[in-house]
Every structure is written in C-alpha cells, then in structure tokens.
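Student: Please take one strand of this model and describe it closely, then work outward to what lies around it. I would like to know how far the prediction can be read in detail as well.

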Amino acid sequence: MKKKIFLLAVLFPIFINAQVNTFSFNINGTTPAGFVQALTIAGQKWSNYLQITVPVKVNVFTVNSSLLPFSAITLANGRKNFANAPQPNTLYVSTLANQIAGSEVNSGQYDMDIYFNLATSYYFGTSKPSASQSDFISTAMHEIGHGLGFYSDGYVDGSGKGSFGNIPPSSIFPLTPSFPWRGQDSVPSIYDKYIVKVSGNPLTTVAPDNSTALGDSIKNGALYFNGPLYANASHSNTPVRLAGGAGTYTLGVDLLHIHNTYANTIMSYYWGAGDTVRTPAPWELGILKEIGWNLKAVGLKENNNYSLATSFPNPANTTIFINGKNIHGIRIYNPQGELVHEMYNEFKADELIVDIKNLSEGIYFSRITFENTSQSAVKKIIVKH
Ligand SMILES: [Zn+2]
C-alpha cells in the first residue's frame with residue numbers, strides 16, 4: 001500500500017504535469033454548502049504561484065460561536081535545524097521546511113490547523129460577496145498564507161518582556177495544535193529574521209532575547225520586512241511595512257501581517273466584508289521567495305504575450321483563473337470552432353473563475369473580451385483531468 005502511494009506521488013507530476021493536487025484538507029466538523037470547494041480553490045490558487053512538490057496537509061476545524069474572538073485562525077507547524085536548513089537555529093514553517101528538505105520532515109503531522117468560525121457571515125461562491133459577507137476564498141488564502149510562511153515567533157508577555165520562540169501555549173487557549181507546539185522553540189522564524197526597525201536594525205538582534213528592551217522594540221515604532229533579494233524588489237525597492245509597532249503588541253495580529261494600509265494584499269487587514277483578495281500581491285510573493293519558496297513563473301504571467309489578461313493554470317483540470325481589468329466575458333471554443341462554454345463577468349470582478357470540469361480533455365481556444373473596447377485576448381487552453 002505504501003509503495004503504491006509513493007509511486008503515485010512520483011508519477012503524477014510526470015504525466016499530469018500541472019494542477020497536481022498539492023493541498024490536502026482534512027475537515028473536522030460540519031461544513032456548509034460550497035465550503036470544501038472554496039477551500040480547494042484557495043489551495044489551488046496558492047499552488048498556481050508556488051512550486052509545491054511535497055503536498056501541504058491542512059487540518060481544518062469548523063466552529064460556530066459568536067463568543068469566539070476570531071473568524072478564522074491558523075496554528076502553523078514548523079521545524080528548525082532540519083536537513084538542508086539554510087539557516088541554523090531558525091524556525092521554518094513545515095510547508096517550507098518540507099519543500100527545502102525535498103521530503104516530509106513532519107511525517108504524520110499536519111502542516112497547519114485552521115479554525116473557521118462559521119458564526120461569520122461567509123460567502124462561499126466564486127464571484128463577489130455582498131457588503132455584509134466575508135469572502136471565504138480570500139479568508140482561506142489568508143489563513144493558508146500564515147502556514148506558508150507569514151509566521152512570527154515574536155512575543156511580548158504581560159510584563160513587557162519581548163522574545164522570539166517563547167510563546168506560551170496558554171496564550172492560544174482554548175486552542176491546542178494537533179502537532180507539538182512550536183512557539184517555544186527558542187528561535188525566531190525565518191520570516192522574523194527579515195523584520196527591521198526604521199533604523200534598519202534587525203528586530204531579532206536589536207536587543208537581548210527575553211528583555212524589556214526587546215519588548216519595547218517590538219511594540220514601539222514602525223516595523224518592516226526588509227528582503228534585499230526579492231521582497232524589496234517586488235515593492236519599488238523598499239521594505240514592506242508590517243502590522244505592529246503602534247505602542248502595543250497583540251499576538252496573532254502584529255508582525256505576521258502586512259500593514260493595514262496595503263490594498264490588494266491577502267495578508268493585510270486592509271480588506272474586509274464585501275471585498276475579495278484572491279491574488280497574492282507581488283510583495284507577498286516576494287516575501288515568500290525571500291524566505292525560501294520557489295515561485296512558478298507561469299503563475300505570474302501566462303505564456304501569452306498578450307498583456308490585457310492572464311490565464312492560468314495551463315494545462316488546467318477543473319478551473320481556469322482569468323485576471324485582468326475590465327473583463328467583459330470569456331468564450332471557449334473547441335478546435336472545430338464550436339462554442340463549448342461561455343461566461344460573463346456580471347460582477348465586474350478583476351478575476352473570472354471559469355469552471356471547466358465538464359469539458360473533455362483536449363485543446364481549446366478562449367477569447368476574452370473587455371468592456372469599452374473591441375480588443376480581445378485569445379489564449380490556448382489545455383484541459384487535462
Ligand atoms: Zn492573519
């Protein structure tokens with residue numbers, strides 16, 4: 001049995017060569033209609049951007065209580081000093097550690113536990129939520145984003161002492177992770193190592209660990225992700241401002257989010273009810289690349305030099321994502337020129353999610369049309385189930 005699973009894992013990328021199911025979701029609790037599909041799309045969308053060869057295992061819990069102070073929360077697994085770890089004594093989220101090691105370093109454990117509070121008015125569809133609904137695909141992408149590396153081990157305790165890798169398990173009460181708690185690994189995360197103060201000093205070295213001075217540094221003054229190789233380059237060659245530094249510290253809010261002034265950013269608090277953010281910002285991909293992920297070029301731009309819209313993945317299995325401004329709609333034709341599918345952008349979104357699971361395998365052509373122009377973009381689509 002084990003052998004068969006191994007063989008499948010090896011053969012899949014060779015023969016399917018796209019849209020390999022790189023996320024698995026283990027669901028605990030009842031799920032409303034559309035929940036699993038939206039979750040699957042969220043994973044698929046991250047897969048469109050990141051090279052994931054060791055599948056990501058997500059443990060999902062649904063709760064339903066207006067008393068709980070969150071709509072969704074993620075506890076991430078991690079490892080330090082694993083095989084091939086680029087930096088010693090540094091915590092890497094296990095999704096990234098697995099990727100870097102080239103094999104599962106947390107075998108038998110999930111990479112993250114995500115709790116979704118269904119007391120939140122979630123929208124599970126693929127078009128646009130109403131003004132009072134929270135978009136579930138965006139929320140799930142955000143939560144998964146923490147498990148992919150937007151993860152900090154910074155902490156300020158009740159007495160004002162700051163630390164990296166000394167987060168007490170009681171601080172996440174009543175939650176407990178399904179894997180050993182990594183908050184007390186006594187080291188910063190790889191993400192933490194790029195955080196700097198306005199002065200340019202790395203936060204992890206600006207003051208001694210477990211000191212009030214470090215607590216003050218975490219709490220006071222703007223904080224930035226300073227990624228010299230990729231992150232800054234994706235952000236007009238400047239560091240990316242992070243949440244926090246406003247005089248207080250809140251676990252799960254500060255450091256591990258991008259500052260709430262950043263629009264169109266999955267990992268910021270800029271967006272809320274009624275909004276969708278289903279495409280990572282360039283600086284989010286830059287940060288992930290800086291901490292060690294390899295990006296898929298195809299996720300950034302489709303291999304079609306027509307710049308009005310992008311389309312991915314290709315080949316596609318169940319879904320195609322079309323991104324662009326002022327998209328009017330899409331028509332898909334078979335090689336005989338017969339119209340086989342069409343969809344209009346009734347919500348005027350910058351992204352169309354096209355369901356192609358009913359198309360049989362083969363080559364198709366899509367024509368994407370735009371508002372207020374006779375121009376259109378033609379793309380070749382390969383459907384492979
Ligand atoms: Zn978050």
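Tutor: The account below begins with the basis of the model, then takes up one strand and moves outward.

This is a predicted model, in which local features need a pLDDT of at least 70 and side-chain atom pairs count only at pLDDT 80 or more, while totals for chains, interfaces and linings use all residues. Residues are numbered from 1 along each chain as its sequence is written. The pLDDT is the predictor's confidence in each residue, from 0 to 100. Its average over the protein chain is 89, and 92% of the residues score at least 70. Residues 1–19 fall below 50, and this stretch has twelve contacts in the model beyond near neighbours in sequence; two residues are in contact if their C-beta atoms, placed from the backbone, lie within 7 Å. Residues 298–306 also stay under 50, with 15 contacts beyond four places in sequence. Where pLDDT is low, the predicted coordinates should not be read in detail.

The strand to look at is β6, residues 112–117. Helices (H or I, at least four residues) and strands (E, at least two) are DSSP runs, numbered from the N terminus. Five of the six residues of β6 are buried, so the strand is largely enclosed by the rest of the structure. A residue is buried if 20 or more other C-beta atoms lie within 10 Å of its own, exposed if 12 or fewer, and partly exposed in between, with C-beta atoms placed from the backbone.

β6 pairs with β2 and with β3; two strands pair if DSSP finds at least two bridges between them. Strand β2 (residues 56–63) runs parallel to β6 and is joined to it by six bridges. Within that pairing, Phe61 has Tyr115 of β6 as its bridge partner. Strand β3 (residues 72–76) is antiparallel to β6, with five bridges between them. Here Ala72 stands opposite Phe116 of β6.

Asn77 sits in the loop between β3 and β4 (78–79). It has 26 C-beta neighbours inside 10 Å and therefore counts as buried. Leaving out residues up to four places away in sequence, Asn77 touches Val93, Ser94, Asn106, Gln109, Tyr110, Asp111, Met112, Phe179 and Arg182. Met112 in this list belongs to β6.

Two helices come next. Helix α4 covers residues 136–148; its 13 residues should span 18 Å at 1.5 Å a residue, and its end C-alpha atoms are 18 Å apart, which agrees. The expected span is 1.5 Å times one less than the number of residues. All of α4 is covered, with 13 of its 13 residues buried. Just after the helix, Gly149 takes a positive phi of about 145°.

Helix α6 (residues 282–291) has nine of its ten residues buried, so it too is largely enclosed by the rest of the structure. The buried residues include Trp283, Glu284, Lys289 and Glu290. Their cover includes α3 (94–101), α4, β12 (223–225) and β13 (240–242). Gly292, just after α6, has a positive phi of about 135°. Both Ile291 and Gly292 are in contact with Ile190, as are Gln87, Thr90 and Tyr92, leaving aside neighbours within four places in sequence. Ile190 lies in the loop between β10 (162–164) and β11 (195–197), and is buried, with 25 other C-beta atoms within 10 Å. The loop between β10 and β11 also holds Pro174, and the peptide bond from Phe173 to Pro174 is cis, with omega near 10°.

Further out is the division of the chain into domain 1 (17–291) and domain 2 (302–383), with bounds from an automatic or database domain assignment. The two C-alpha centres are 32 Å apart. At the interface, 13 residues of domain 1 are in contact with 13 residues of domain 2. On the domain 1 side these are two nonpolar, eight polar and three charged residues; Ala, Val, Leu, Ile, Met, Phe, Trp, Tyr, Cys and Pro count as nonpolar, Asp, Glu, Lys and Arg as charged, and the others, Gly among them, as polar. The distance from Asn77 to Phe312 is 30 Å, C-alpha to C-alpha, with their positions 235 residues apart in sequence. The peptide bond from Phe312 to Pro313 is cis, with omega near -10°.
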